[in-house]
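This report goes through the structure shown below, moving from strand pairing to the overall fold and then to the surroundings of the ligand.

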Amino acid sequence: MSVKTTCPYCGVGCGVVASKDADGSVRVEGDGQHPANFGRLCSKGSALAETIGLEGRLLEPMIGGTPVHWDDALDRVASGFSRIIREHGPDAVAFYVSGQLLTEDYYVINKLAKGFVGTANIDTNSRLCMASSVAGHKRAFGSDTVPGCYEDLEQADLLVLVGSNAAWCHPILHQRMLAAKEKNPACRIVVIDPRRTATCEGADLHLPLRSGSDSVLFNGLFAFLAGSNAVDRDFVGSSTTGVVDALKQVAGQTVAQTAATCGLTEGAVGLFFDWFTRTERVVTLYSQGVNQSSSGADKVNAIINCHLLTGRIGRPGMGPFSLTGQPNAMGGREVGGLANQLAAHMELENPAHRDLVQRFWRAPVMADKGGLKAVDMFDAIADKRIKAVWIISTNPVVSLPDADRVRAALDACELVVVSDCVRDTDTTRHAHVLLPALAWGEKDGTVTNSERRISRQRPFLAAPGEARADWRIICDVAHRMGYSGFDYADVADVFREHAALSGYENNGQRDFDISALSTLDGRAYDALAPVQWPVTPDHPAGTARMFESRTFFTPNGKARFVPVMPRPAGNATSRDYPLVLNTGRVRDQWHTMTRTGKTARLMSHIFEPYAEFHPEDARVAGVQNEGLTRLTSPWGEMIARVVVSAEQRRGCVFVPMHWNEEFAGAGRVNALVNPVVDPVSGQPESKHTPVKADPY
Ligand code: SF4
């Protein structure tokens, strides 16, 4: 038996074929027909079959660590939430969910929170991933729209990667870029990153800029472009607003000033500007190095400004391109997964949108203001404004900044419910009620990748133990809380409702529209081929590229330039904390390692947390290559193996984000990370925390 499904790791969204042999063993191969990967898989994807064993799985509901019947667990969740809502109001409860959820799961939990409980205190770990891109898109385009598609990367003559180690974090997409460059010798790749990462190996130019100076660099480029003949005057005049104010912000900024502020040579900056100016087909890809910043949204807009000025958007081989980190960060946005969003890319604070969604859902009470975003949500749990939280498919005690405070918050919370497929995580240890969820291979639904492509995740394994689908668990709780509107026959029924809402009173006013999929019967849903939204009656085969008509989703249809004034990071280094901590991924691990940590093959790449230092910083700190270091920030500390490398920028230390307490009792880097967020997007500044290092 072979089943086509989708890899559950990064936002590339590769197609996978899972085959089950007669002896029950499972093989996983790339799907040669999936347009994201055409059969290729990276090390993580090709090891998927090694991660599906049941060791470590949560297989039965539990209350207080004791196995219980499902009915008892669901009753406990429903009665606990209902009581707290009755006594303290809807904003006394919260839901913290995940870009690992399938779209259907994500849809029903948002419907429950925003339309029935009446709170927008529902946020997601995608807040840590792409909230700054969402905010930047909405400011520029009036909608959270990724303009381009993966084919653009193969049609471009210049690929600019900003704050992205795609070789490790989006490997198949990076391989597509390298293959395109080999076919097209005119194609150049520029990598903008304080570190010299694996992505630099295939690049023509690496700009190791000073941490956090991306806006200065792109403002400098914007000023440079304005004085060149690369400006698309027709497009700027007819299809944009705000160019004068944006240009005022950068007036007089020179290449020399830009280079000095970014800590780069004038020659390297000049070369990048020259290539960008003279190359029509440019794609600028950006990821967490841009997003995870207290000025992440501004950095996104500084990049988009350069594409708008040159009219390089909505055409083959060009455009700004946000690489989403998680497999369904995009699907979560489609259902309003963030605390400041409403379903189908509608606005929570727009009364017309609220009214539309309320009528469609027949919802008793709609949240009418933005809820608490991830970091603020756990602050509210810590100071008891929130008394009950339901955490679904994520491990915030490892992954949120100031992680010790998150742990203390859960310890103090009146009711902590955790749905997960893993029994023992740093977060499940704090749960009063544990609900066993299905894992990859058992789940059924859809995900959306970085290029707006919706793909099916299909089951090929039976549900183990008493594990259930997340959407069904959520609906069961909703029923017990007395809400109607959660009587779905199956997962296809949830998808049809989600698709119908996207087209409801839309008339082309909103970018997210998959109404052509709202009539799929069960068989057609099961057979759904990967397709890029919008999928409308006019475009039933989907839409590869947005903004080809040069019309945007702002009230006047014009894209907006956003003046960007560069700001320093939230916390500066000091004599006590002289190094900048930068966190990120390694090639063979995913998130908090609950799955990738199960395979010896993946663990053999890098098996322990490390801190990578520039040789001169290592000398000053007195730490030795392969020795141990204690890293300390004002928020916490950790122990890590020392790696000394000239590829690290002086003054910075890089630590991967994956490990937990099990390493020397202190392997969680997020215990150190400052809980500073972007005031526009609410995304934490995971790339810039002042720390000190000592030998351990
Ligand atoms: Fe999975 Fe991403 Fe690797 Fe593709 S590139 S196989 S989606 S981890």
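Two strands are taken to pair if DSSP finds at least two bridges between them. The model is a predicted one, and in it Val447 stands opposite Ser455 of strand β20. Strand β20 covers residues 453–457 and is joined to β19 by 4 bridges, the two strands running antiparallel. These strands belong to an open sheet of 3 strands, in the order β19-β20-β21, with antiparallel pairing. Because β19 (445–448) and β21 (531–532) each have a single partner strand, they stand at the edges, and one side of each is left without a neighbour in the sheet.

A second strand, β6, offers a view of a covered element. Strand β6 comprises residues 93–97, and 5 of its 5 residues are buried. Which residues point one way from β6, and which the other way? Val93, Phe95 and Val97 point one way, whereas Ala94 and Tyr96 point the other way, and all of them are buried. In a regular strand the side chains alternate between the two faces of the sheet.

The partners of β6 are set out in the table.

| Partner of β6 | Residues | Bridges | Direction | Residue paired with Phe95 |
|---|---|---|---|---|
| β16 | 388–392 | 4 bridges | parallel | Trp390 |
| β7 | 122–124 | 3 bridges | parallel | Ile122 |

Phe95 thus has Trp390 as its bridge partner in β16, and it stands opposite Ile122 in β7.

At the level of the whole chain, the protein holds 24 helices and 28 strands. Its radius of gyration is 24 Å, close to the 26 Å that the globule rule gives for 696 residues, so the protein is as compact as a globular protein of that length. The C-alpha trace spans about 70 × 65 × 55 Å along the principal axes, and buried residues make up 60% of the 696 residues. Among contacts between residues at least 6 apart in sequence, 73% join residues that are at least 24 apart.

The protein is divided into domain 1 (2–51), domain 2 (72–129 + 328–441 + 465–495), domain 3 (143–323) and domain 4 (579–695). Between domain 2 and domain 3, the C-alpha centres lie 36 Å apart.

Where does the ligand lie with respect to the domains? Both domain 1 (2–51) and domain 3 (143–323) give residues to the shell around the ligand, and therefore the ligand lies between them. The ligand is surrounded by 14 residues, of which the closest are Cys7, Cys10, Cys14, Cys42 and Gly45. Two helices, α1 (43–46) and α7 (171–183), each supply at least two residues of this shell. By residue class, the shell divides into 9 nonpolar, 4 polar and 1 charged.

One loop residue remains to be described. Gly252 is found in the loop between α10 (243–250) and α11 (255–262). Is Gly252 buried or exposed? A residue counts as exposed if 12 or fewer other C-beta atoms lie within 10 Å of its own; Gly252 has 6 other C-beta atoms within 10 Å, and it is therefore exposed. The C-alpha atom of Gly252 is separated by 49 Å from that of His498, and these two residues are 246 residues apart along the chain.

Notes. Residues are numbered from 1 along each chain as its sequence is written. This is a predicted model: local features need pLDDT of at least 70, side-chain atom pairs count only at pLDDT 80 or more; totals for chains, interfaces and linings use all residues. A residue is near a molecule or strand if its C-beta atom, placed from the backbone, lies within 6 Å of it. Ala, Val, Leu, Ile, Met, Phe, Trp, Tyr, Cys and Pro count as nonpolar, Asp, Glu, Lys and Arg as charged, and the others, Gly among them, as polar. Domain bounds come from an automatic or database domain assignment. The radius of gyration is taken over C-alpha atoms; the globule rule is 2.2 Å times the number of residues to the power 0.38. A residue is buried if 20 or more other C-beta atoms lie within 10 Å of its own, exposed if 12 or fewer, and partly exposed in between; C-beta atoms are placed from the backbone. Two residues are in contact if their C-beta atoms, placed from the backbone, lie within 7 Å.
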